Structure formats: structure tokens, C-alpha cells
Amino acid sequence: MIFPLITESYHPEAVIIAGGDYPTHPIPLALLRHAKFVCCCDGTAQTYIEHGYIPHAIVGDGDSLTEEFKTKYQSIFHHISEQEDNDLTKATRYCMAKGYTSICYLGATGKREDHTLGNISLLIRYMHAFHIQATMVTDHGYFTPAEGKNQFESFRGQQISIFNFGCTTLYSEGCKWNTYAFDELWQGTLNEAIGDTITFEGNGKYLVYRTFDSK
């Protein structure tokens, strides 16, 4: 599979906005403008609406929304009370039910570090269990889960990190430093692209992070 660069011209199928730091970088803001479908996790809808937009759907348990707000937007608010999944996963299931299999996540990092780490790790679950193409975009770059052999569009000097989730073999082409089946998450960080394409091949799951800017 070929994973494209995420730029201001990228048009995502669906975007889910989580409750972390609201995006400020031009690229994630462009994704919001270009998205065919925008779904807000619970209280994030208030921030999105304050920026002058109306989402297609608001999904969550509603704990962070006022009754007045829920009444005003009842036509697009979808209350899901179960607590086995967090709001990010509830929103993902809702978008999947609408037929979307390629989803960009914004606002899923920042604020509480435990939420950030949990949200990033969910990308592996969404790929493996939900069979969707999930991309988590921040104000600095983007995470993409993958398994097997894949190509990632890149550019010289782009900063690359790869996190191993169960591979016992993990090879690369197009990186400044060769990869291997890292035992620790930190070991695959701070690599660098030497051209316009990177290939990773592993016998399991891994997570790739690419920055917007070169070093």
C-alpha cells in the first residue's frame, strides 16, 4: 500500500475532532475545510462551532455538553452512553456506520498526556480490528498505522519515527538509518528521509510518524 503525504491539498473522507488541543497549523485546518464529513467528539463540538462551523455529527455520552446545547443541536447529537469505549472510538464506529473507511483524527493529542498516549495507541486497534485507514494529524505531523510491506511518500529531510507493535523483523529503505525490530518504543524515533519515498516491511504491526517540515 502507498500512504500519501498529508498536505493542505489532501481531501479526507471523514474527520473526527477529539477533545485535545484544537488544531492551529494550516494543514490540519485545511483538512477540516476539505473533509466530506466532520464528526465531533462530545464537547469539542462547542469549540468547532465557535470557529464558525457546524459539524455533520456530534457523538458521545454528552457529559461535557449543557442541556441547552444538546437541545439546540439535537438533530446532529448522537448520545452513546456505554463506557467500554472512549468518545474517539464511539465517533469512529459512527463514521464507519456511515460508510467511511478512511478517517483523519484531529485534536487527539495535547492536554492530558494519558489521553494522548491512549488515543495514539488506538490507531493500531482501528487498523487491525476495524479495518479502516486511520491517520492522526497534529500541529507537527501525523501518525499512520501499518503492517506488512508499505510505501510512504516523503521528502528529503522529513523527520520520521517508527514504533514497533509486535514485529520480529522490521526493515526499511529510504531512511537515513536502517530500522530493525525495536524492543523499545523510543528506539525508532528521530530517523530521517533521504528521498521522496520510504518503504517499511515488517512481519507485524507498526506505527509511522512523519513531520510536516524538514529538519
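Helices and strands are DSSP runs, numbered from the N terminus. The model described here is predicted.

Strand β2 covers residues 14–17 and is enclosed on both faces. In a regular strand the side chains alternate between the two faces of the sheet. On one side of β2 lie A14 and I16, on the other V15 and I17, and all four residues are buried. Strand β2 runs parallel to β3, to which it is joined by four bridges. One position in this pairing is V15, whose bridge partner in β3 is V38. Between these two strands the chain passes through helix α1, residues 26–34, and the resulting β-α-β crossover is right-handed. Strand β2 also pairs with β6, residues 102–106, again in the parallel sense and over four bridges. Here A14 of β2 has I103 of β6 as its bridge partner.

In soluble globular proteins, nonpolar side chains tend to be buried together. The largest nonpolar core of the model holds 29 residues, and those that touch the most other members are I16, L88 and Y105. At least two residues of this core come from each of β2, β3, β4 (57–60), α4, β6, α5, β7 and β12. The greatest contribution is that of α5, with six residues. I16 therefore belongs to a strand with buried residues on both faces and is also a member of the largest nonpolar core, where buried residues are joined through side-chain atoms within 4.5 Å.

Two pockets were examined. The largest pocket encloses about 390 Å³ of space. Its lining consists of 25 residues, and A18, G19, D87, H115 and N119 are those nearest the centre of the pocket. Helices α4 (87–97) and α5 each provide at least two of the lining residues. With five residues, α5 gives the most to this lining. The lining of the largest pocket is made up of 13 polar, eight charged and four nonpolar residues.

The second largest pocket has a volume of about 220 Å³. It is lined by T109, L117, I120, S121, T138, F143, F163, F165, L185, L207 and Y209. Two or more of these residues come from each of α5, β9 (158–165) and β12 (197–214). Helix α5 again gives the most, here with three residues. Eight residues of this lining are nonpolar and three are polar, while none is charged. Helix α5 thus gives the most to the lining of the largest pocket, to that of the second largest pocket and to the largest nonpolar core.

Backbone angles were considered last. Most residues other than glycine have a negative phi, and most peptide bonds are trans. D42, which is not a glycine, has a positive phi of about 50°. This residue is found in the loop between β3 (37–41) and α2 (44–50). D42 has a relative accessible area of 4% and is therefore buried, the limit being under 20%. H131 is likewise a residue other than glycine with a positive phi, in this case near 60°. It is placed in the loop between α5 (113–130) and β7 (133–137). H131 has a relative accessibility of 61% and so counts as exposed, for which the limit is over 50%. Of these two loop residues with positive phi, D42 is buried, whereas H131 is exposed.

Notes:
Residues numbered from 1 in each chain as written. Predicted model: local features only at pLDDT ≥ 70, side-chain atom pairs only at ≥ 80, totals over all residues. Heavy atoms only, no water. Buried < 20%, exposed > 50% of the residue type's maximum accessible area, 1.4 Å probe, protein only. 1 Å grid on protein atoms, 1.4 Å probe; cavity = no way out; pocket = protein on both sides within 12 Å on 5 of 7 lines; lining within 4 Å. Points joined across faces, edges and corners; volume = space filled by probe spheres on them. Nonpolar A, V, L, I, M, F, W, Y, C, P; charged D, E, K, R; others polar. Pairing = 2+ DSSP bridges. Right-handed = clockwise from strand over helix to strand, strands pointing away.
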